[in-house]
Amino acid sequence: MRLQKLQISGFKSFSDRSELAFDRGVTAIVGPNGCGKSNVADAIVWVLGEQSAKSLRGDQMMDVIFNGSEARKATGAAEVRLMLSGVTSISEKARSPEPADPDDIEPVMARDVEVTRRLYRSGESEYLINGELVRLKDVHVLLLDTGLGAKAYAIIEQGKIGQILSTRPPERPQHSEHAAGV
């Protein structure tokens, strides 16, 4: 699976619709302090289901909606779309806790998926997968076993690397075990 594209609109410092394409290879986001680099990472974590405003560097969830500036008025909603390619899924039979006959399990299929999250000033929130309204649980199930998620180590937020490096040696294995799902 790979991150293809990110569209951000009305989220934090992104008043207008902005699109970032993640081509093959290494993609870096660089810029001066205060230009919104951390807001890109926050947008990715938010669309994947982050529920803590503190983790998004805010006091309440409404803080993710663009609040306006001298030059621009506030937006009515925040929206983030994440396009992923090569997302694999298995049948519900394969996920069931009861042992299944290997012949009954459907093959793994890879597909392109768009995950969207919107938050309106009214407080209403919605998640979509490929344009269809879904529950947060459905987003979690889609990303199961991919290494992506609001709490996954695929995205390391600001300050976390310093925290990991300053951990005492006996505690360091806990970070890698947590990242590996052990």
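**Salt bridges, core and aromatic pair in a predicted chain**

In this predicted model, the side chains of Glu114 and Arg81 meet in a salt bridge with 3.2 Å from N to O, a salt bridge being a side-chain nitrogen of Lys or Arg within 4 Å of a carboxyl oxygen of Asp or Glu. Glu114 lies in strand S4 and Arg81 in strand S3, so the pair ties together parts that are 33 residues apart in sequence. Arg81 and Glu114 also belong to one network of salt bridges with shared partners, which takes in Arg17, Glu79, Arg118 and Glu126 as well.

Because the model is predicted, local features need pLDDT of at least 70 and side-chain atom pairs count only at pLDDT 80 or more, while totals for chains, interfaces and linings use all residues. Residues are numbered from 1 along each chain as its sequence is written, and side-chain values use heavy atoms, with hydrogens and water left out.

The chain holds five helices and six strands, where helices (H or I, at least four residues) and strands (E, at least two) are DSSP runs numbered from the N terminus. Read from that end, the order of elements is β-β-α-β-α-β-β-β-α-α-α. Of the 182 residues, 32% are buried, a word that stands for under 20% relative accessible area, with exposed for over 50% and partly exposed for what lies in between (1.4 Å probe, protein chains only). Among contacts (heavy atoms within 4.5 Å) between residues at least 6 apart in sequence, 60% join residues at least 24 apart.

In soluble globular proteins, nonpolar side chains tend to be buried together. Here the largest nonpolar core, meaning a set of buried Ala, Val, Leu, Ile, Met, Phe, Trp, Tyr and Cys residues joined through side-chain atoms within 4.5 Å, has 28 residues, and Leu6, Phe11, Trp46, Val64 and Val80 touch the most other members. At least two residues of this core come from each of strand S1 (2-9), helix H1 (37-47), strand S3 (77-89), strand S4 (109-120), strand S5 (125-129) and helix H3 (136-142). Leaving aside neighbours within four places in sequence, Val80 is in contact with ten residues' worth of surroundings that include Leu6, Phe11, Trp46 and Val115.Two members of the core, Phe11 and Trp46, form an aromatic pair that is tilted, at 5.2 Å centre to centre and 40° between the planes; rings of Phe, Tyr and Trp (its six-membered ring) pair if their centres lie within 6.5 Å, and planes under 30 degrees apart count as stacked, over 60 as edge-to-face and the rest as tilted. Phe11 lies in the loop between S1 and strand S2 (18-21) and Trp46 in helix H1, so the pair ties together parts that are 35 residues apart in sequence. Phe11 counts as buried at 0% relative accessibility, and Trp46 is buried with a relative accessible area of 0%.

Glu79, in strand S3, counts as buried at 11% relative accessibility, and a polar contact of 3.5 Å joins the side chains of Glu79 and Arg17; such a contact is a pair of N or O atoms within 3.5 Å, where within protein one must be able to donate a hydrogen and the other to accept it, and residues adjacent in sequence count only if both atoms are side-chain atoms.
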